[in-house]
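How do the parts of a protein model meet? Look at the chains below, then read on.

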Amino acid sequence: MTGTIGGRVPLVDGPQKVTGRAQYAGDLQRPGMLHAKIVRSTEAHARILSIDFSAAREVPGVAALLSGERYPRTFGVLPITQDETLLAVGKVRYRGEGVAAVAATTVEAAERAARLVKVEYEPLPEYDDPRDSTGGVTVKIHDESPGSTNLQKEVRQEFGPVDEAFHSAAHTVEVSGTFQGVTHAALEPHAVIAEYGPDGRLTVWASTQVPHYLHRALARVFDLPAHRVRVIKPEVGGGFGGKGDPMPHELVAAALSLETRRPVKLVLSREEVFYLNHGRHPTRNKVRLAAGADGTLTGLEVEALIDGGASSSFGTVTTYYNGVLSVGPYRIPAFRYHGQRVYTNHPPSGAMRAHGSVNTRYSLEVAMDILAERLGMDPTELRLRNFLPPNTTTLNEFRITSNSVRECLLAARERSGWAKKFRSLPLGQGIGVGCGFFISGSNSPIHFTPKFPQSTVHLKVDVDGGVTVHSGAADIGQGSQTVLAQVVAEVLGVPIERIHVSEVDTDTSPVDLGSYSSRVTFMMGNAAERAARSLLEQLKKAASDLTGLPAPSFVPAGDALSAPGHPEATIDFLTAVHKAMEHSGALQSSGSYESPPLGGSFKGAKAGTSPAYSFSAYVAQVDVDLDTGRIGVGKVWAAFDCGTPLNPLLVEGQIEGSIHMGLGQLLGEELRYRKTRLMNPSLLDYKTVSATEMPEVECLLVGKADPEGPFGAKEAGEGPLPPILPAVANAVYDAIGIRFTDLPLTPDRVWRALRDAEKAGGLRKPRPPEAHAR
Amino acid sequence: MKLRVNSLEYDLAVLPHRLLVDLLREDLGLTGTKRGCDDGSCGACTVLVDGKPRHSCLTLGRLVEGKEITTIEGVASGDGLHALQRAFVEKGALQCGFCTPGMVLTALPLLERVSLSEEEVREALAGNFCRCTGYTKIVEAVLSAAKARGRAP
């Protein structure tokens, strides 16, 4: 063992990135490359009457002009909802949707030509409020919606005696929340180069989290056999779900290359990235809790109306997740869910970090806080009373294995000095708690056919002793390449410098489904561990051949294989490698991961199943400016159970980044619409949390090894996000006695609430639990 | 016009509307300078002009004639990383790496100050957008590099 597992190992590609040498899709050039620009719709819902290319065609340098009819085949990330086209066909469904595209010799020529394309529209009724999309719809956004609705997906689930639970409850709490749309805002704008070569192969370099799904979409839309499509993923400048679908512009670049037989580059402007969106869904939800007199939860009811925007994307999953990801970390004996995701004429919503779970989690954790207050209980005590234990099954048949949520809450409570602070800080200051759980990868692969493992890793050892790792897992900055190198180095007992991780190239990388649903460490990590163990067996056999000792006698350590009790028989790694490849000239291995069969047999039973779940408990301390309404978050104690952290440096980075993004949604980020018109498509007007506003974060990694995770690890990419929003909101309540259920908590909204509270009889802190009658 | 970039002299024909960011990325192939926003709000395109951080996406190429430009490619000396770059890698101050060039170049002049507090670092980096790290480890890296020079507590 080399000790890389569990160490604070810096990113293996860090030196490349910090010197500017790392190559992102937008940095690449190809000989004879053309540049593309997309003409985007100025209407939100309209029939396309005509597209006039005559003026655009006259611009010097224009090589191709394209409209949607040329390649009308649909695609989409989920096989059941392939409802996107590379450019609009027949009608547009959101303002900013691609209508036409130009390829030209320079960016300037492409832009000039794009401006000269004349599109004539016939406006159709626009739908901006999801409540208007559930019935009485006169012109449907997609014909597939049932009746006179714009419904994309409806889920109804019921487990256990829900009505009885609410009838006989000692306490019920109801929280209705509204949530604005937010977007990933990864710093790298999406970029792609497509090149259709004379060999009849289409090669695409794209900033994507899902090279495999992009590969499938390209083959489908252009009717090419998959082996004639090659997808290469260079460095990706952040994703967070925003690069998690095959995206229309990626297919546009490919189409233009097919038309011109030349490489075509397309880089989105920041404004275009905002219109591409696929961010977190604007949502209205209602959470009802039923509890006994001692605070034991007896029932949970969740309703959600979800604004899907103009296409499906991951929406079917989103609709399930808004419900099913609320069955933990608390024991829920009865559960009912009704979720509806409707199309509107907003840019598409999709998967964004902690997909589908954030908004319900917020309302649920606020409801827990209210329930605790009703009961006269400390909210941490209420949560401790209701936590799921490890090794259990939820009522909707999620298999829970390792679970340190109790340890998380105890650690955050202790480190934050909760007992001295709760309800005891001066007016304007407060402390609050929020918990959560999340999947370590969706148990069901998105594509079922042909059947293949969710992740496969190939190892190839060269005669120089370097180990090259081929994986289709997409490193988007989270550090999956580093984790791959750590796992392989650990198993082989070699320094991490020996390990070279290749970029994703579908010609050489085995399939990994991609970076979404926090699946990579768990699934790719397991595949890598298996590949390395298989390689190790070959090296032990070589050591055995060299020494005459049985192969199982050897253990890897310190760049060598040694046999305990036989110091003379130590074989260094390179010698073992040379022996192993003596007759074949090659030393290779593969490993793969398939998730175990999980979940019930009811409709939708697989949604939310995962081989392992992360758990979390956050405490946040805030300072509310009573004059301006500005919420300052001073410190966050973030206790997280990701099993055994393979690399605490990277886990902390995920937690800190999640807190940044979650605070953004809570405090100010918002895709602001006036009807269907997006008002703030720029980083100047889309207000994220800056370096000066970011709180101090103390990460408490208290998990225990997961039985099935690689070296005991679980996810840490998305689960760290949801708890921060309710932890801060509950702290705000502790500070000023005001509950907020509509986001974001911008200073003007808080200021108005403060003034209203003063008018209504004075602003005061809530009373401490002891002051309540039990 | 003549231009000095990373201590090398270039003699170039530059159109009046050519932005410095495009000049660096397209004409000189120095793609370490990134484009993230198009309007000066993200700081990814930051380079040093005569030692001062400047948004290259808001600077016309012609305006830097005769000045000394430092891009991320010119920060490391020889084979080794600059101490600030090393601190970024070791402290986990980068994830996707897209903001990193701009962050490093914004932070670099801070190391010249006589003393440097956490607040000053946060203030100086407030115009540089990072979506991955929550800034925590970036601030830590800058302070640790400053501390190594005896400039921070």
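This report covers domains, a helix pair and a chain interface.

The model is predicted: local features need pLDDT of at least 70, side-chain atom pairs count only at pLDDT 80 or more, and totals for chains, interfaces and linings use all residues. Residues are numbered from 1 along each chain as its sequence is written, and chains are lettered from A and ligands numbered from 1 in the order in which they are written.

Start with chain A. Its domain assignment, automatic or from a database, gives domain 1 (18-124 + 187-238 + 243-276), domain 2 (365-443 + 610-771) and domain 3 (445-593). The centres of domains 2 and 3 of chain A, over C-alpha atoms, are 39 Å apart. Their contact takes 19 residues from domain 2 and 15 residues from domain 3. Contact means C-beta atoms, placed from the backbone, within 7 Å.

Now the helices, which are DSSP runs (H or I, at least four residues) numbered from the N terminus. Helix 9 (residues 358-375) and helix 10 (residues 379-386) of chain A pack at about 105 degrees, with axes 8 Å apart. Axes are lines fitted to C-alpha atoms over the stretch in contact, and angles run from 0 to 180 degrees between N-to-C directions. The two helices of chain A are therefore roughly perpendicular (65 to 115 degrees).

Finally, 42 residues of chain B contact 44 residues of chain A. Helix 2 of chain B gives the largest share of chain B's side, 4 residues.

The table sorts contact residues by class. Nonpolar means Ala, Val, Leu, Ile, Met, Phe, Trp, Tyr, Cys and Pro; charged means Asp, Glu, Lys and Arg; the others, Gly among them, are polar.

| Contact residues | Nonpolar | Polar | Charged |
|---|---|---|---|
| Domain 2 of chain A, side touching domain 3 of chain A | 8 residues | 8 residues | 3 residues |
| Helix 9 with helix 10, chain A | 6 residues | no residues | 2 residues |
| Chain B, side touching chain A | 21 residues | 13 residues | 8 residues |

Key
Contact = placed C-beta atoms within 7 Å. Parallel < 35°, antiparallel > 145°, perpendicular 65-115°, else oblique.
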